[in-house]
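This briefing looks at two topics, the surroundings of a single strand and the pairing of charged side chains. Please keep the structure in view while reading, and find each residue as it is named.

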Amino acid sequence: MTQDVAGSSTDVLVVGGGPVGVFLAALLAQSGLDVQVWERRDTTPWGSRAIGIHAPSLDAFAAIGADVPVLAEATLVRHGIARSRGRTLGTLSFARASATHPYVATLDQHRTEGILRDRLAAWSPDALRTGTSVTALHRHRDHVDVEGTGPDGAPIALRAGFVVGADGARSTVRDLLGIDTVGRDYPDRYVMGDFADPEPVSARSTGLVDVGPDGVVESFPLPDGRRRYVALVGRGTPADDEVDAGTLARTVRERTGAAVDPDTCSMLSGFRVRRREALRVGIGRVVLIGDAAHEISPIGGQGMNLGWLDAADLAPLLTAGVRTGSAGPWPGYARRRQAVARRAARQAEANMAVGSRAVGPAVLAREALLRTALGLPTADLLARLYAMRWA
């Protein structure tokens, strides 16, 4: 027998309790809406994963008071340095990238997610339901009937005014709506890992990008004296012997000279890059945000921030929809968010191109281009682009 969820109706059901879904739920709860979040995981989030938090996201966090605790724990990256073949090509300052946050903040994703969960709990202590999955959606003119399974595996049911799919690149909500995606897979493969920071103290608040002939190595400082390294390692799916702390440390040392200690590795992962876009971001009273709506390259650290900015754009529309009984202006929302996602995807592709493998004249041309771009007054524009001031 299907059981009603305690409080068997809600204004908004958010499917997906990651950082994007929880942030949206906190915005809605802070506005006075009744909200539930169904998260299939039943464990406490852990791991560094996505680490970059850009200025527009920090501005959006201020609406729920999450900016202060995030900044209290984060490392603030105020400069980026481009290097190649042991030489510095130029420096990018974030001093003018934002009037409110002239830096990029880095923080382990599980800590950011924990802070956002705490803010949601402050407005709605019982909103987050872990170990809970959605299995069916039945759309009606003025509500959506939702079926799912609870922590004990028993079937449950809920009536929601709106449903938001914030459940990632393999979105169940998107599949239940029958929405296809378009895009492509890129052949490049990368390995990333977190290590004790071997850089000089003077570089402990600096992002470093080495674009030498063998491919890019990016690194960004993290709290507690750690540094994230991301290295291009080839094409295809990363082989098992390439997702190895010793191999990554050796790759970083050979390309950049940084003496990374593999014994200090606290996170290691190999990944490939995909670009995907949902053909629609909303049908009736169901809408998609974050990776469920658009997936882009993680190079440049924009993906999670795109999801947060989706949430900031969507929250007032949902609030108005609940209070007026309207279904929500999805076409306008879709145009805005798809345009932003496409721009972010193009920027990520440009970042990947700059960090690709190169030989001979191509290396010299790339180095000359970066020297020129970083040496001109328009470098401030590059900083604003990287910091997503356009989003």
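In this predicted model, strand β14, which spans residues 217-222, is mostly covered, with 6 of its 6 residues buried. The strand has a pairing partner in β13 and another in β15, and the points below begin there before turning to the salt bridges, of which a search of the whole structure finds 18.

**Strand β14 and its partners**

- In a regular strand the side chains alternate between the two faces of the sheet.
- Both faces of β14 are covered, since Val217, Ser219 and Pro221 on one side are buried, and Glu218, Phe220 and Leu222 on the other side are buried as well.
- Strand β13 (residues 206-210) pairs with β14 in the antiparallel sense over 3 bridges, and Val209 is found opposite Glu218 of β14.
- The hairpin made by β13 and β14 has 6 residues between the strands, and Gly215 in this hairpin takes a positive phi near 115°.
- On β15 (residues 226-235), 6 bridges make the connection to β14, and these two strands also run antiparallel, with Val217 standing opposite Ala231 in β15.
- The hairpin of β14 and β15 has 3 residues between its strands, and Asp224 in the turn has a positive phi of about 65°.

**Salt bridges between distant parts of the chain**

- Side chains of opposite charge can pair when their charged atoms come close.
- Glu113 and Arg41 meet through their side chains in a salt bridge with an N to O distance of 2.7 Å. Because Glu113 belongs to helix α4 (residues 109-123) and Arg41 to the loop between β2 (35-39) and β3 (52-53), this pair ties together parts that are 72 residues apart in sequence.
- Glu113 is buried at a relative accessible area of 2%, whereas Arg41 counts as partly exposed at 23% relative accessibility.
- The salt bridges also form a network, in which Glu39, Arg41, Glu113 and Arg117 are linked.
- Arg96 and Asp380 form a salt bridge of 3.3 Å, N to O, between their side chains. This pair links the loop between β6 (87-93) and β7 (104-106), where Arg96 lies, with helix α10 (residues 379-386), which holds Asp380, 284 residues apart.
- Arg96 is exposed, with a relative accessible area of 63%, while Asp380 is partly exposed, with a value of 26%.
- Arg276 and Asp185 form a salt bridge in which the closest N and O atoms are 2.9 Å apart. Arg276 is part of strand β16 (residues 267-278) and Asp185 of strand β12 (residues 181-196), so the pair ties together parts that are 91 residues apart in sequence.

Note on methods. Residues are numbered from 1 along each chain as its sequence is written. This is a predicted model: local features need pLDDT of at least 70, side-chain atom pairs count only at pLDDT 80 or more; totals for chains, interfaces and linings use all residues. Side-chain values use heavy atoms; hydrogens and water are left out. A salt bridge is a side-chain nitrogen of Lys or Arg within 4 Å of a carboxyl oxygen of Asp or Glu. Helices (H or I, at least four residues) and strands (E, at least two) are DSSP runs, numbered from the N terminus. Buried means under 20% relative accessible area, exposed over 50%, partly exposed in between (1.4 Å probe, protein chains only). Two strands pair if DSSP finds at least two bridges between them.
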